[in-house]
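Welcome! Please take a look at the sequence and the 3D structure below before reading on.

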Amino acid sequence: MNLARFPRIRLGHMPTPLEPMENLSRHLAGPNGGPKLWIKRDDCTGLSTGGNKTRKLEFLMAEALAQGADTVITQGATQSNHARQTAAAAAKLGLACHILLEDRTGYTDPAYTDSGNVLLDRLHGATIDRRPGGADMQAEMEKLAAELKTQGRKPYVIPGGGSNAVGALGYVNAALELVAQAAEIGLRIDHVVHATGSAGTQAGLVTGLTALNSGIPVLGIGVRAPKEQQEKNVLALAEKVATHLGLPGIVKPEHVVANCDYVGQGYGIPTEGMVAAVKLLAEKEGILLDPVYSGKGMAGLIDLVRKGHFGKDENVVFIHTGGSVGLFGYPEAFN
Ligand SMILES: Cc1ncc(COP(=O)(O)O)c(C=O)c1O
């Protein structure tokens, strides 16, 4: 596997740190001990406060430039971290950026509608348009692209979450990085856990870890779709990523596992477990999670540790996919 074959523009600070969470591990350990918890700091990728989309955008933006684009279009929920990082990448590369924000939660609190990620979208100079919840956002982007073309622009459309075979290469790269880091410090990784949404992060990780024959299982903690749908989405994308890499057929259904028990009432709606997880990480490790993704992902990890899902001698790596800017969109959840 040779990722250097694919066009890539450096946008992030990598490798991101891989650190032990000693306080959290101790806090969650039972009388007979517990798994050792690690964190890979993809919240520290650097671009506009960082996050997982930076890795995907390195490959997506390279393709946009190769195609001669002068404008990028993308979409996400109101507090989309993907939209914010796309706006930042576009600013850095001198491209115009149009963002379509879908109102998935119905929240009207100005903190939610205009602070956090939305504030930063604007600071990066993006043009923002809103759409109601349930709109066909891909179709809306195509419509906007067609309009911009009639004005002589050259738009490049990035799917929600940057999750296609090109964007997911960023997480194939993360898999290579993680395995190399672990080898360097002599760490045997027994599990990787992270929040999964539009599927690109998990699809890239699973494809990369499988291609390396690492034997490391990945558990995606869902934030929106039910388990069966989420696993189907991840597998379908992982198959495309593997084909794009020239390794068709390497990812099997048993490589794709999601646990969607921590979604709560729906996408972007706070849960008690998320609030507790965000507070615990802030208090025990000085680490900020986010309310929509990494907070629910960590709520899942904590609950699974408490239920004895992991062996007490196992090493579990949580991939912190970023998003803490979103905390400012949800002040009431934490007060
Ligand atoms: C902070 C954060 N974590 C996790 C995810 C989920 O990643 P993916 O959409 O690749 O499944 C996202 C996606 O928007 C995110 O913003």
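What follows is a short tour of salt bridges, two helices and the nonpolar cores.

This is a predicted model, in which local features need pLDDT of at least 70 and side-chain atom pairs count only at pLDDT 80 or more, while totals for chains, interfaces and linings use all residues. Residues are numbered from 1 along each chain as its sequence is written, and side-chain values use heavy atoms, with hydrogens and water left out.

**Salt bridges**

Let us start with the charged side chains. A salt bridge here is a side-chain nitrogen of Lys or Arg within 4 Å of a carboxyl oxygen of Asp or Glu. Searching the whole structure turns up 16 salt bridges. Three of them are listed here, with the distance from N to O.

| Pair | N to O distance |
|---|---|
| Arginine 55 and glutamate 177 | 2.8 Å |
| Arginine 130 and aspartate 114 | 3.3 Å |
| Lysine 227 and glutamate 231 | 2.7 Å |

To place these pairs, it helps to know that helices (H or I, at least four residues) and strands (E, at least two) are DSSP runs, numbered from the N terminus. Burial is also useful: buried means under 20% relative accessible area, exposed over 50%, and partly exposed in between (1.4 Å probe, protein chains only).

Arginine 55 forms a salt bridge with glutamate 177. This pair links distant parts of the chain, with arginine 55 in helix 2 (residues 53-66) and glutamate 177 in helix 7 (residues 169-185), 122 residues apart. Both arginine 55 and glutamate 177 are buried. They also belong to a network of salt bridges that links Lys40, Asp42, Arg55 and Glu177.

The side chains of arginine 130 and aspartate 114 meet in a salt bridge as well. Here strand 5 (residues 127-132) holds arginine 130 and helix 4 (residues 110-114) holds aspartate 114, 16 residues apart. Arginine 130 counts as partly exposed because its relative accessibility is 35%, and aspartate 114 is partly exposed too, at 31%.

Lysine 227 and glutamate 231 sit within helix 9 (residues 227-244), four residues apart, or about one turn of the helix. In an α-helix there are 3.6 residues a turn, so residues three or four places apart point the same way. Lysine 227 is partly exposed, with a relative accessible area of 40%, whereas glutamate 231 is among the buried residues of helix 9.

**Helices 7 and 9**

The expected span of a helix is 1.5 Å times one less than its number of residues. For the 17 residues of helix 7 that gives 24 Å, and the end C-alpha atoms are 25 Å apart, which agrees. Helix 9, with 18 residues, reaches 26 Å from its first C-alpha to its last, close to the expected 26 Å.

Each helix is followed by a glycine with a positive phi: glycine 186 after helix 7, near 70°, and glycine 246 just after helix 9, about 85°. The cover over the buried residues of helix 9 includes helix 7, strand 7 (191-196), helix 8 and strand 9 (257-259).

**Nonpolar cores**

Which residues have the most contacts inside the largest nonpolar core? A nonpolar core is a set of buried Ala, Val, Leu, Ile, Met, Phe, Trp, Tyr and Cys residues joined through side-chain atoms within 4.5 Å. The largest one has 59 residues, and Met61, Val72, Leu169, Ile189, Val192 and Leu205 have the most contacts inside it. Helix 7 gives the most to this core, with seven residues.

Definitions and conventions: Contact = heavy atoms within 4.5 Å.
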